[in-house]
Amino acid sequence: MEYFLELFFGGLTRGSIYALIALGYTMVYGIIELINFAHGEIYMIGAFTGLIVAGVLGALGFPGSAILVFAIVAAVIYSAAYGFTIEKIAYRPLRGAARLSPLISAIGMSIFLQNYVMLAQTSDFLPFPSLLPELGFVKHFKGILGSSDFIIIVTTIVVCVALTLFIKYTKMGKAMRATAQNRTMAQLVGVSVDTVISVTFIIGSSLAAVGGVLIASHIGQINYYIGFIAGLKAFTAAVLGGIGSIPGAMLGGLVLGLTEAFATGYVSSDYEDVFAFALLVLILIFRPSGIMGKEKIQKV
Amino acid sequence: MSNVTKADTGASQNPVAFFLTAGCESFAESLRKSVLASLWFIFLTFPIMVIKVDTINKTIDWRWMNMAYIGIGTFVLSFVWRWALARKELTKEESTRENISEKMLDRISSNSYAKYGFLALFAAAAVVFPHAVGMYQTNIMISCLIYIVLGLGLNMVVGIAGLLHLGYVAFYAVGAYSYALLNMHYGIGFWTALPIGALFGVVFAVLLGLPVLRLRGDYLAIVTLGFGEIVRLVLENWGDVTMGPSGISGIDRPGFFGVKFGVMDSITYAYYIMLGLLIFTIFVINRLQNSRLGRALLALREDEIASQAMGIDRTKAKLLAFALGSCWAGLAGVVFAAKTTFINPASFTFWESAIVLSVVVIGGMGSIRGVIAGAVILVLMPEYLRAFSEFRMLVFGATMVLVMVFRPQGLISAKRKIYTYVKGKSATNE
Amino acid sequence: MSNPVLQVNDISMDFGGIRALDEIQLDVRQGEIAALIGPNGAGKTTFFNCITGIYTPTTGDVLVSPEGGAAKRINGMKPNLVTELGMARTFQNIRLFPSMTVLENVMIGTHCRTRSGLWGAVTRNRATRKEEADTIEKSFHLLELMNLEQYSNELACNLPYGKQRRLEIARALATGPFLLLLDEPAAGMNPQETMALKELVLDIRERFNISILLIEHDMKMVMSTSDRVFVLEYGRLIAHGTPKEVSENPAVIKAYLGEDEDV
Ligand SMILES: Nc1ncnc2c1ncn2[C@@H]1O[C@H](COP(=O)(O)OP(=O)(O)O)[C@@H](O)[C@H]1O
Ligand SMILES: [Mg+2]
């Protein structure tokens, strides 16, 4: 039972991170129907920014809690800035181009960013300081749930609720929903589609940055390659939940995290990634619209 | 709207002024924009380019020079960027833009003497190549030939049929491992394994293709990517069969009717095999392109619904493209295993797929000459510019983005065949 | 009275909760030009999509019987098989193969009437060469008929709008249909082009001895070419009959002129 719970909470933590990244995929896909292949790299850049800021502040002798706050804020700002810039450079000039063009551009961007970080920093694994505080009451769950697990899960819940409220009640959120439904109509009623797309990239990237710093601190090391696998898995989560659907992305993340945790815990850890990819392939084959997605008939 | 008219007046000015003010009202404005871009990128790249922390020794390395490079670089590049965008806008009308090299190629191929002269020259150069240069160079050239064949194979899937395939090297791996395993366990020779590798490529393609080919374009891309990763992970973890990450070594080099060559000769031999395979590939694709099936595949890329309404069976056509592409990947894989005599899963990562895809995209989707040019540039350039090789993937990535933004048809765009018709009897020429 | 080549029985089409077609009953007879008219959004294009296999109708039957052949139920059949059976269509929002040449566009149309496969393509054996030559000849003839032969080797996307529409018709004819479905062929054409198109439609019927179902907004064209007219409104068939009958039908007048004027 204890083992089961350990796996369960481990899966929940992992799934939370997938959910945070998956939200970016889903929001961008919902609005411009593009699989933002470079999104995993945004998450990686978030983690690196966090590491660099923590390193500098640590050397300057800042206290731990201040380092955590600054690292997350810097990661969010930088990831958002990268997301915004990437959209302007690699996707915006391609609006209205053949459907595969922006996807190829996105793959190119992803390759570029990985190598940019590798060359500017290092190709080795870097140790990441554990920034997340130890919580006293978590001691009761020793062996099942760690402090950082708890923090990650709670943060994800808070972020998701905030995002849902934002989309539902703010003017920008409404503009986003309108654009997702019908871009031309949204434009006609005065929504600035360019701004909406930019904001979507900024929000999605910020969430990925939060995920990046949290998980890096939890696992304790990063390298330039972490965005690729995490990105693919988060994309799997987004598709699993139904791409374009925000609650779907959260649900998909959790389902994927739990599946992986139990599969590696009870079956074999060698095939951890195989499970995830096999799940992706199976979902796309049997239910391409995902758990929460709606089936759409292409208009002719 | 106003942007276009501005650009128009810009074009009639002298080119220098056009370059300096492209897309802007005045030079002052474009200067302001460039300064802003430069500052923005200094900010953007600041932590990653300038700071390098050593978390163990708690030391920080500040690389201020990088900031200066970025500032100056982006300042200049932002002019180039706006200029290129404005130029693209200007030339939008002529959808079949040609560059100088394309015009040359056209002139050569329209004159049959020049065409055959050039071909003969190429053929002669290709034949003497391994004797004129050393083993090292020949080896590099074999890699290049393998990439050309892979590129041409992937081109059938991506360039001609329009299916974005991100797991192409999985089929390359299938070919390579087929030969390696058959050779290790049963001592099967290269020439027997060649068709078997191709066949396995096709079988895997059909098994994967049947369920996934009805997926929409971008989903298909991700599924093929996932499949590619699954194949690699299985190769890595299924140690009992595949020997795991350490790979399989001591694979036989190709023999010639039972004769075995020394290392030097067998590399020359592998070169000729690869050259032969390439010529065969070009021959097949060239004939396929302007055939009933080739046109059907192109139509599928251009408009799936319209092609169905014209009586093309979508599933069959996609499966055909997928299987053909994989068949060539399988062939190339067998040659690769025989050439290197050692294979391991690290040769079949996603990046390999990405390189082959860049060959196709940068060279020119759907164009044989384009793919050849793409492979030569992408494989040989980093090989000969060693200092440059660590930037190889960085440059590939950037080029993929730039090609998509500024020249989606690639370096050499595909040309359609010209048909002439004389009443009574039909004649065609290319 | 000759047999209907197309018999549509009570088909309905739902999108989510929206009923785009509601129990439509329609038939096209051999050699007839029938017109399907109705305001924008009435469901005309959806009707075409339902009978050509692009959508599967929610309920109802689509039966076709090529001349001399037995009636065949085709709902849910794949679009390429429907075309192979002999129903060819054009699209309201032109769907050519933009970066292929004009001639190649038409050649694609012959796909389901030709056979050569991979082996033929690679070996270029005699049968393949013959078939290819026939395809080229047939396609050139169709382009001549459409007055497009001088553009044969241009890319389809470089043709002006009106010519693109004619090219779509040529491509559809290349599939060798017994029933041609035209979705707003005159949309975006100027009056002269529309006049020429009218002649062309009549000429096609004579020359190929086929039936035509036409969606059109240009009333002059509908009235002067069609034998019968079907009127859709909000997914319902509100009237059908000869052009004259339909133009005098109060429900149709109301649908076209709106409530106020009628009262
Ligand atoms: N794929 C689809 N999904 C949802 N609604 C659709 C789809 N295709 C058509 N419709 C709806 O069906 C109705 C009829 O459209 P259409 O057949 O294009 O009309 P028409 O061709 O008569 O102008 C419209 O309300 C349209 O929005
Ligand atoms: Mg319509």
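Here are some worked exercises on a predicted model with chains A, B and C.

## Exercise 1: Getting to know chain B

Task: Work out how many helices and strands chain B has, and what its C-alpha trace spans.

Solution. Start with the elements: chain B holds 18 helices and 6 strands. Next, look along the principal axes, where the C-alpha trace spans about 85 × 75 × 50 Å. Then ask how much is tucked away: 52% of the 430 residues of chain B count as buried. Finally, take the contacts in chain B with a separation of 6 or more; 73% of them come from residues 24 or more positions apart.

## Exercise 2: Where chain A meets chain B

Task: Describe the interface of chain A and chain B, from its area down to its elements and residue classes.

Solution.

Step 1, the area. The size of an interface is often given as the accessible area lost when the parts come together. Here chain A and chain B bury about 5,500 Å² between them, with 78% of that on carbon and sulfur atoms. On the chain A side, A:Tyr78, A:Ile104 and A:Ile111 lose the most area to chain B, and together they make up 11% of what that side buries.

Step 2, the residues. Count 61 residues of chain A in contact with 59 residues of chain B.

Step 3, the pairs. The rule turns up 0 salt bridges across this interface, while 9 residue pairs are in polar contact, both partners at pLDDT 80 or more.

Step 4, the elements. On the side of chain A that touches chain B, two or more residues each come from helix 2 (39-59), helix 3 (64-91), helix 4 (100-120), helix 9 and helix 11 (272-286) of chain A. Helix 4 of chain A gives the most, with 16 residues.

Step 5, the classes. That side has 47 nonpolar, 10 polar and 4 charged residues.

## Exercise 3: Where chain C meets chain A

Task: Do the same for chain C and chain A.

Solution. Go for the area again: the two chains bury about 450 Å² between them, 63% of it on carbon and sulfur atoms. In residues, 8 of chain C are in contact with 4 of chain A. Now the pairs: there are 0 salt bridges between chain C and chain A, and 0 residue pairs in polar contact with both at pLDDT 80 or more. On the chain C side, strand 1 (4-15) and helix 1 (44-51) of chain C are the elements that give two or more residues. Sort that side by class and you get 5 nonpolar, 2 polar and 1 charged.

## Exercise 4: Two helices called 9

Task: Check the span of helix 9 in chain A and of helix 9 in chain B, then see which residues are buried.

Solution.

Step 1, chain A. Helix 9 of chain A covers residues 226-241, which is 16 residues, so at 1.5 Å a residue it should span 22 Å; the end C-alpha atoms are 23 Å apart, which agrees. As for burial, 16 of its 16 residues are buried. Right after this helix comes A:Gly242, with a positive phi near 110 degrees.

Step 2, chain B. Helix 9 of chain B (residues 190-212) has 23 residues and reaches 32 Å from first C-alpha to last, close to the expected 33 Å. Its buried residues include B:Phe190, B:Ala193, B:Leu194, B:Gly197 and B:Ala198. An α-helix has 3.6 residues a turn, so residues three or four places apart point the same way.

Step 3, the cover. Among what covers the buried residues of helix 9 of chain B are helix 11 of chain A and helix 8 (168-186), helix 10 (217-237), helix 12 (263-289) and helix 15 of chain B.

## Exercise 5: Three residues to look up

Task: Find where C:His111, B:Thr341 and C:Glu23 sit.

Solution. C:His111 lies in the loop between helix 3 (102-109) and helix 4 (118-123) of chain C. C:His111 counts as buried because its relative accessibility is 11%, under the 20% cut-off. Leaving out residues up to four places away in sequence, C:His111 touches B:Arg292, B:Leu293, B:Ala296, B:Met310, B:Gly311 and B:Ile312.

Now for phi. Most residues other than glycine have a negative phi. B:Thr341, though, has a positive phi near 60 degrees. B:Thr341 is in the loop between helix 15 (314-340) and strand 4 (342-343) of chain B, and at 17% relative accessibility B:Thr341 counts as buried. C:Glu23 also isn't a glycine, and its phi is positive, about 45 degrees. You'll find C:Glu23 in strand 2 (residues 18-29) of chain C.

Definitions and conventions: Residues are numbered from 1 along each chain as its sequence is written. Chains are lettered from A and ligands numbered from 1 in the order in which they are written. This is a predicted model: local features need pLDDT of at least 70, side-chain atom pairs count only at pLDDT 80 or more; totals for chains, interfaces and linings use all residues. Side-chain values use heavy atoms; hydrogens and water are left out. Contact means heavy atoms within 4.5 Å. Buried area is the accessible area (1.4 Å probe) that two parts lose on being put together, summed over both. A salt bridge is a side-chain nitrogen of Lys or Arg within 4 Å of a carboxyl oxygen of Asp or Glu. A polar contact is a pair of N or O atoms within 3.5 Å; within protein, one must be able to donate a hydrogen and the other to accept it, and residues adjacent in sequence count only if both atoms are side-chain atoms. Helices (H or I, at least four residues) and strands (E, at least two) are DSSP runs, numbered from the N terminus. Ala, Val, Leu, Ile, Met, Phe, Trp, Tyr, Cys and Pro count as nonpolar, Asp, Glu, Lys and Arg as charged, and the others, Gly among them, as polar. The expected span of a helix is 1.5 Å times one less than its number of residues. Buried means under 20% relative accessible area, exposed over 50%, partly exposed in between (1.4 Å probe, protein chains only).
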